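Please prepare a briefing on how two parts of one chain meet and on the setting of one charged residue.

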Amino acid sequence: MPGLELRSVSKRFGPLTAVEAVNLDLPAGKFISFLGPSGCGKTTLLRLIAGLETPSSGQVVLEDRDITALPTHQRNIGMVFQSLALFPHLNVWNNITYGLRIRGMPQADRRRRAGELLEMVRLPGVEERDIKQLSGGQRQRVAIARALALEPTLFLLDEPLSALDAKLREEMQVELRMLQERLGITTIIVTHDQREAMTMSDLVVVMSTAEVQQVGPPLEIYRSPATAFVADFIGSSNLLDAQCVDPSTVRIGESEFSVPSVPEGARSGDALTLTIRPEDVHVLPSGDTASNRLPGRVSFVRDVGASVELFLRCGELELISISAPKDRPEARPGDDVMVELPAESCVVVRR
Amino acid sequence: MSAHSRPRGLVPHLPFAWPALMLGCFFLVPFAIMVVVSFFHRPESGVGTYEVGFEFTHYLRFFSPLFARHILITIEFAAVAALLSVLVGFPFTYFLSRFRRRPQVLALVFILCVLSLSEVIVAYSWSVLLSRSAGISNFFVWLGLLAKPASWTPGYGAVLFGLTYFNLPFAVLIMYPQCTRLDTEITEAARTLGASPLRTFFTVVVPMLWPTIMTAAIVLFVFTMGAFVTPQWLGRPQHWMFAILISDQALTRGNLPFASALSMFFMAITLALVALTVRLGRRKIER
Ligand SMILES: Nc1ncnc2c1ncn2[C@@H]1O[C@H](COP(=O)(O)OP(=O)(O)OP(=O)(O)O)[C@@H](O)[C@H]1O
Ligand SMILES: [Mg+2]
């Protein structure tokens, strides 16, 4: 099914480029996250899709229809704003059915629909309340109900959960995801929390300043980051400067490591980055020399209960290893150890 | 000692002394004098004199067709001029507050400049501009919009126009702060819900800023009730507003007791109308 397509969309604010030639092809019915650090242009990209900003160049195509010039109010888009932007002069049910009133639905029908929508976001019985009489989490739900009242083609959310406390945020993540699966609506959520993006979405769009770095399912992005930026941004990762030797070997310092592959077109001597997840770094007793191993020393141990983190120093290199408590290596700060970087866990990207 | 005990001694109360003194000297005392004088006796012959006494003669004089007519035209001018300036001023102020910073500041500086003009200058300028000989009707003739120059002053329309023009900068400055505070995401939310910019303006912007609009209307109404120069310059005697009658009694006829009584009456009417407007305005919001 055709979804949302951005064709080399750029947005400039005076001299500043907020979004630079972004190409995206997002399938319909999926849950998509825009993930990136603060100020990288996520909100701008979302607003371009909603029609609240006009692109400096490029096209926005929704379900095979070019909507670049279509004004916001004709796009049939549901949006939850960062500030929620509920109408303070209307009570809950009038807020939720504002869009239906604009379409001319009679009051009795609207009232009934408001009840259904509140049921859907699991907040029944607050129809008559004032917005001021709701808690932060309840307002969130009202904003979601309002955005979904018109059964929009696209559901856009700009960091909707950032104002909630950690526990409520996790609950809402699960709930949003379930809601989206039930309605099958194409949903785009903006976040700078990589955990949130990873746990909720079918597809993650990782952005650095004004540009899209990688698009893919969470696990793919986690397992094989396309660039050093993505590797660094998605969870904590070990990033090691490396040099290409041949298509299955790189050199780090004096030692050579076998790797599954190197980026296409990399030639001997090219500067690359070897990335490896902390949970893939194995710590072995000192002296077990073999390939893909480095001698090192434990500089710090952090036991956080659910996992144990070892901070390692191998000459110039610094590495982090994470293991489950039951696999905890017998190592204490100052111990000499052997660090193994299994070939199959190494991902080599361009620097 | 409880935390809520009231401060004792003179010193903690000193900060209140200043406003109390100001209010007393410049408001309460003159007001009391006016109340007392309004009951004094005025001999038939003596211009500018009055005798100590207590009588309701002056208050009973209101109930004549002349004063009734003038109080009605005063209320009409004040209400219509306040309404017109809010009607013109609100959309202007709202759209100004949506502009970028620089044009906003420039426009506000310009408005402040207009505000610094005295009522005399404004009224005089319009009396020239609306006249037949040197007025803008000549310009319209040149444009081909009018067949021959017209005289628009003195007249009802000219007074209304002058009052509205004079009120407009006040309307803008009263409403501007709240307009800038309206979050753009709120109007954007209305747009995503299918409301055109015009629908958004009437279903979101106006209701949200309704208290501000009401405030501006009431302030301008009270403000215009006391208009003096504009109706005199741009209107005929039947357009003279109440302040002119009061000054006529006090200065020309030297009847201070009656002028005082008229002022009291005028104040009572203004207060009653404001109270009524506030009530009606509140009901509209609750709905
Ligand atoms: N209306 C505007 N005028 C000028 N510059 C803007 C405007 N909107 C955004 N920008 C700039 O564009 C860049 C991207 O902003 P954007 O709000 O899209 O970032 P973001 O990724 O959403 O950040 P955050 O996570 O902090 O919300 C920023 O440098 C910002 O200053
Ligand atoms: Mg943002």
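A salt bridge is counted here when a side-chain nitrogen of Lys or Arg lies within 4 Å of a carboxyl oxygen of Asp or Glu. By that rule, 0 salt bridges cross the interface of domain 1 and domain 2 of chain A. The model is predicted, with local features needing pLDDT of at least 70 and side-chain atom pairs counting only at pLDDT 80 or more, while totals for chains, interfaces and linings use all residues. Residues are numbered from 1 along each chain as its sequence is written, and side-chain values use heavy atoms, with hydrogens and water left out.

**Domain interface**
- Chain A is assigned domain 1 (4-228) and domain 2 (236-350), with bounds that come from an automatic or database domain assignment.
- The contact (heavy atoms within 4.5 Å) takes 8 residues from domain 1 of chain A and 9 residues from domain 2 of chain A.
- Between domain 1 and domain 2 of chain A, 2 residue pairs are in polar contact, both residues being at pLDDT 80 or more; such a contact is a pair of N or O atoms within 3.5 Å, one able to donate a hydrogen and the other to accept it, and residues adjacent in sequence count only if both atoms are side-chain atoms.

**A:Arg75**
- A:Arg75 is buried (under 20% relative accessible area, 1.4 Å probe, protein chains only) yet has no salt bridge, the nearest side chain of opposite charge, A:Asp66, being 7.3 Å away.
- The side chain of A:Arg75 reaches the backbone oxygen of A:Ile49 at 2.8 Å.
- Beyond its neighbours within four places in sequence, A:Arg75 is in contact with residues including A:Leu48, A:Ile67 and A:Thr153.

Methods. Chains are lettered from A and ligands numbered from 1 in the order in which they are written. Buried means under 20% relative accessible area, exposed over 50%, partly exposed in between (1.4 Å probe, protein chains only). Lys and Arg count as positive and Asp and Glu as negative; His and the chain ends are not counted.
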